[in-house]
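Got the viewer open? Here is a walk through the model, one selection at a time.

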Amino acid sequence: MALAASLFLRQSQSLVMTPQLMQSIQLLQMTHLELVRFIETEVEKNPLLELVSGDENSRGADEVYPADGAYYSVNEEQPARDIADTEAGPSGDLYETATGGNASAIAESFDSNLENVFPDDAGPRTADAPELLGQWKSMPGASYGEGYELDEFVAAQTTLRDHLAAQVPFLLVSPVDRLIAGYLIDQLDESGYLLADLSEAALKLGKPITDVARVLDALQELDPPGVFARTLSECLAIQLRARDRFDPAMAELVGNLELLARRDFATLKKLCGVDEEDLVDMLAEIRKLDPKPGARFEPGVSDSVVPDITVRAAPDGTWLVELNAETLPRVLVNNDYYASVSRRTERASEDQSFLSECLQNANWLTRSLDQRAKTIMKVATEIVRQQDAFLLNGVDHLRPLNLKAVADAIKMHESTVSRVTSNKYMLTPRGLFELKYFFTVSIGSTDGGDSHSAESVRQRIRTLIAGETPEAVLSDDDIVDVLKKGGIDIARRTVAKYREAMNIPSSVQRRREKRALAKASGF
């Protein structure tokens, strides 16, 4: 059969991941801060996009903004304002109307003038403290009769490095030792621990390691106690020496912190050579120490979580679900600017294609933001509908829920629901929760009724253990029996897994701790 070239017309369907579609998928799982940064980047690249806040408006622009828990678009023509009226301002007209343009009218009406109003509040009075007048005038940013910034007089926060550097001159006399101390201070982390190795520090400084070790021993006496330690054991030992409590028994306890973490009190009593009562006193002394002595000088920045959805009770007994307007940036597409520039660049094909691409990207971004808000609203509404009992009665009534149940209810794919619930938060009358908090596995019921969620079962276990007494400590088998009487069908290994996930020790360790605490308290 001869080979020949021919043309065929074939029609087929295929799913293509376009850049715009990938962008829409990425917008779904972005947090509020990530979304704001992304939009700011797009605004810098696209001259047709504008990001506004508050009640700002742009004439002839398509605006996408939240209202009543959803997004909607408007394209409303607004009358142009006179530039002269805008520049004049209302304050100038009001002043002219009230005084007739003559400042002397105020002086005649109030028997005063604008030059002698509160003359003594401009600075310190000469009669009260004449020697301070020159200092007041010489202060930076503050001159007599002029305003000044109060922030210039606020003391700066003392850092750990500044606090230690201020003590070094009183501790070390030699300039060489002070230089070594300055280097070691720079090697501290935010908790006050020394990160540098002494041999490497001696090599960099060009000094014997004995000199560096001697300076380090001196620096470990500085305030706060425990700084310049290289391990947790050394940090606790420094603090105990400062309290004159570092005896051989305490040294053995500090040297075996791994046994303390495992709550192996029997072995600790043998190593320390003390009885149970003395061991309880030693543990109480350890609890008073600070494992991170430098953390007080470097307060961590707490990231505030802004809820994406708010839920509140409606007057008719239902729940009102709304999108938080603070997490929804307002984006404008300036069509007037596009039309104006297009008329000027009719002959430049490259400029015209660039503007067309910018307009297409801007419209796609606004539609993606609109779709993102609607999708979040659908998922949040379905979660509230499914977890109505939790909102009314608390975590014990949290229902088991998975992504498939929500996806089937709102006619979406599970992956879409997973992206929407990632790093999104809901503010409810019960508190602030991540959307993934409401998705828990199902645990069967003994009587064939409704299943129980894993989170509610963990809460029951936590409540049972919190109500124990030293004489009646519940084992894992006892907890299984109590839960089965309450209608929860659960295995012993599941109880042990939940208990360990909540950092709750075993029944043997809890009984030992409770009895020790009871003896220490005199009961």
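Start by selecting A213, which sits in helix α11; helices here are DSSP runs of H or I with at least four residues, strands are E runs of at least two, and both are numbered from the N terminus. Before you go on: this is a predicted model, where local features need pLDDT of at least 70 and side-chain atom pairs count only at pLDDT 80 or more, while totals for chains, interfaces and linings use all residues. Residues are numbered from 1 along each chain as its sequence is written, and side-chain values use heavy atoms, with hydrogens and water left out.

Is A213 buried or exposed? Neither quite: A213 is partly exposed, at a relative accessible area of 25%. (Buried means under 20% relative accessible area, exposed over 50%, partly exposed in between, with a 1.4 Å probe and protein chains only.) Now add A202 and draw a distance: the two C-alpha atoms are 9.1 Å apart, for residues separated by 11 places along the chain.

A202 takes you to helix α10, residues 198–205, where L198, A201 and A202 are buried. Look down the axis of α10: the buried residues fall within an arc of 100 degrees, so they line one face of the helix. (The arc is that of the directions from the helix axis to the C-beta atoms.) Flip to the face turned away from that buried side and you'll find L203 and K204, both exposed. What covers the buried residues of α10? Show α9 (175–186) and α11 (209–219), which are among the covering elements; contact means heavy atoms within 4.5 Å. Just past the end of α10, click G206, which has a positive phi of about 70 degrees.

Next stop, the sheet. Colour β5, β4, β7 and β8: in that order they make an open sheet of 4 strands with mixed pairing. Two strands pair if DSSP finds at least two bridges between them. The edges are β5 (319–323) and β8 (431–434), each pairing on one side only. Select β4 (309–313) with β7 (425–428) and you have a parallel pair with 2 bridges, in which I309 stands opposite M426 of β7. β7 and β8 run antiparallel over 4 bridges and form a hairpin with 2 residues between them. Within that pair, T428 has G431 of β8 as its bridge partner.

Stay on β7 and check its two faces: M426 and T428 are on the covered one, Y425 and L427 on the uncovered one. Then bring in α18 (349–386), which lies across β4, β5 and β7 at about 155 degrees to β5. (Axes are lines fitted to C-alpha atoms, for helices over the stretch in contact, and angles run from 0 to 180 degrees between N-to-C directions.)

Which residues have the most contacts inside the largest nonpolar core? They are I309, V311 and M426, in a core of 30 residues. (Such a core is a set of buried Ala, Val, Leu, Ile, Met, Phe, Trp, Tyr and Cys residues joined through side-chain atoms within 4.5 Å.) α18 gives the most to this core, with 7 residues. Select V311 and its surroundings; among the residues V311 touches are W319, V384, L391 and M426.

Last click: C235, buried with a relative accessible area of 0%.

Key: Lists of a residue's contacts leave out its neighbours within four places in sequence.
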